[in-house]
Amino acid sequence: MSVFLSMRAPLLIVGQGLAGTLLGHACEQAGINFDIADAGHAGAASRVGAGIINPITGQRIVKSWGIDELRLPARESYRELESVLRVPLVREMRVRRLFRNDDERRVFAEKADRGDLAPYAGAADAEGFWIEGALRVDTAALIATARGRWLAMGRLHEGRIDFSDALARHDRVVACTGADDDVGRAWAGVSCVRATGEILCVAVDRLDPEVILNRGHWVLPTTPGEARVGATYVRGESDVIAARAELERSARDLLGGRAFSVSAQESGVRVTTADRRPLAGIDPREPRLGVINGLGSKGALLGPWLARQWVAHLTTDAAFDPTVAPGRFGP
C-alpha cells in the first residue's frame, strides 16, 4: 500500500525505526513541522535491537567510536524522551567483559597501562575486567510509544511511499529506512552492507539487573527472570538453526552453567557502510533528499547525534560532520 499524504508538512521523515523516531523527536523539540511515513518494522534491527551503549568493544578492545563526546548527550536525549513519553527508557549498566584468550589479556593490560581505555576500564582480574558507564536503551518501548503518540496526533502515516511523489509534496524528505529496499534506490552508489543479527530471549534466574555479561556475545538482563542473548552477525541471510546453536553455546559459557530456557528467537537486519561510519546528510544528486542510515550496532549511541545534526542543518543550514556526510564516498 502506498501512502498518499494530503497534509503538506515541510518535512517528511520516511521510516520510524530508531533513527526516524529520534529525528522526529528532535524536530518536535525544535518546533519543526514534520510528518512520518512508515511501512512497519517487520525486519528492522530497531525492533529487536538490544540498545546497548558499551564504551569498550570488539576483539581489539577499543573505545567505541565517539563514546567520549556522544555518551552523555545521548543519555540526556533519552532522559528527555522518558519525560515526553512517560515511559522508562534508559538504564545505567556495567559490563563484565571476560577474556577469550591470552592475547586479549595482553592487549587489555597494555591499553589499560597506557590509559587508552580511560575512564571506562574498571577493575580487572585473571578472568576479565569491568566496563563502567554502559547504558541500555529500551529501543522497542521507545519506538512503540512514540508510534502510538504520533498516530494519535495524525502525524504518522502507515504504508510505503514513493520518493518521487514525496519530493513533489514536501520541501524536504529524509530517508531513515534502515535495511528497507527503498534506501538502496534512494542512495544508489553509496556502499552499504546488510547484515542479519539473531538474538535469543531466555528465562534465567538470579542475574544482576545492572550487569551485562560479554565475551564475543552478550547476556543482557531485561526483566526479573528474563534476559536476551546476542547477537550474531551474518552478511545477508542467516541460518537460524546455526545461530541458535551458537548463541546457546555462548549463553552456557557466560552463565557459568546456570540453567536457562529459550523462549524466543528474533532477528533483524542492520545496515553498515564500507567504513563502518553512519550516513547523515544530503543526496548530492537531489538536494531535497536526505538520509540517516548505516548506524550498524551503534544506533543507540549515534542516533541522537545524527538527529541533532539534521535539526541544525534544517534551522541554520549547518554543514554535516564530514565523517558521516555521504560526500566522503566521492561523487
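## Helix α5

In this predicted model, helix α5 covers residues 139-153, a run of 15 residues. From its first C-alpha to its last, helix α5 reaches 21 Å, which is close to the 21 Å expected at 1.5 Å a residue.

Several residues of α5 are buried, under the cut-off of 20% relative accessible area. The buried residues of this helix are T139, A141, L142, I143, A146, R147 and W150. Just after α5 comes G154, which takes a positive phi of about 75 degrees.

## The chain as a whole

Helix α5 belongs to a protein chain with 9 helices and 18 strands. Along the principal axes, the C-alpha atoms of the chain fill a box of roughly 60 × 40 × 40 Å.

The radius of gyration of the protein chain is 20 Å. This value agrees with that of a compact globule, because a globule of 331 residues would have a radius of gyration near 20 Å.

## Contacts and burial

Among contacts in the protein chain with a separation of 6 or more, 75% join residues that are 24 or more positions apart. Of the 331 residues, 51% count as buried.

## Surface and charge

The protein chain exposes about 14900 Å². Carbon and sulfur atoms supply 51% of this exposed area.

The chain carries 42 positive and 42 negative side chains. Where do the centres of the two sets lie with respect to one another? The centres of the positive and negative sets lie 1 Å apart.

Note on methods. Residues are numbered from 1 along each chain as its sequence is written. This is a predicted model: local features need pLDDT of at least 70, side-chain atom pairs count only at pLDDT 80 or more; totals for chains, interfaces and linings use all residues. Side-chain values use heavy atoms; hydrogens and water are left out. Helices (H or I, at least four residues) and strands (E, at least two) are DSSP runs, numbered from the N terminus. The radius of gyration is taken over C-alpha atoms; the globule rule is 2.2 Å times the number of residues to the power 0.38. Buried means under 20% relative accessible area, exposed over 50%, partly exposed in between (1.4 Å probe, protein chains only). Contact means heavy atoms within 4.5 Å. Accessible areas come from the Shrake-Rupley method with a 1.4 Å probe; for residues, only the protein chains shown count as cover. Lys and Arg count as positive and Asp and Glu as negative; His and the chain ends are not counted. The place of a charge is taken as NZ of Lys, CZ of Arg, CG of Asp or CD of Glu. The expected span of a helix is 1.5 Å times one less than its number of residues.
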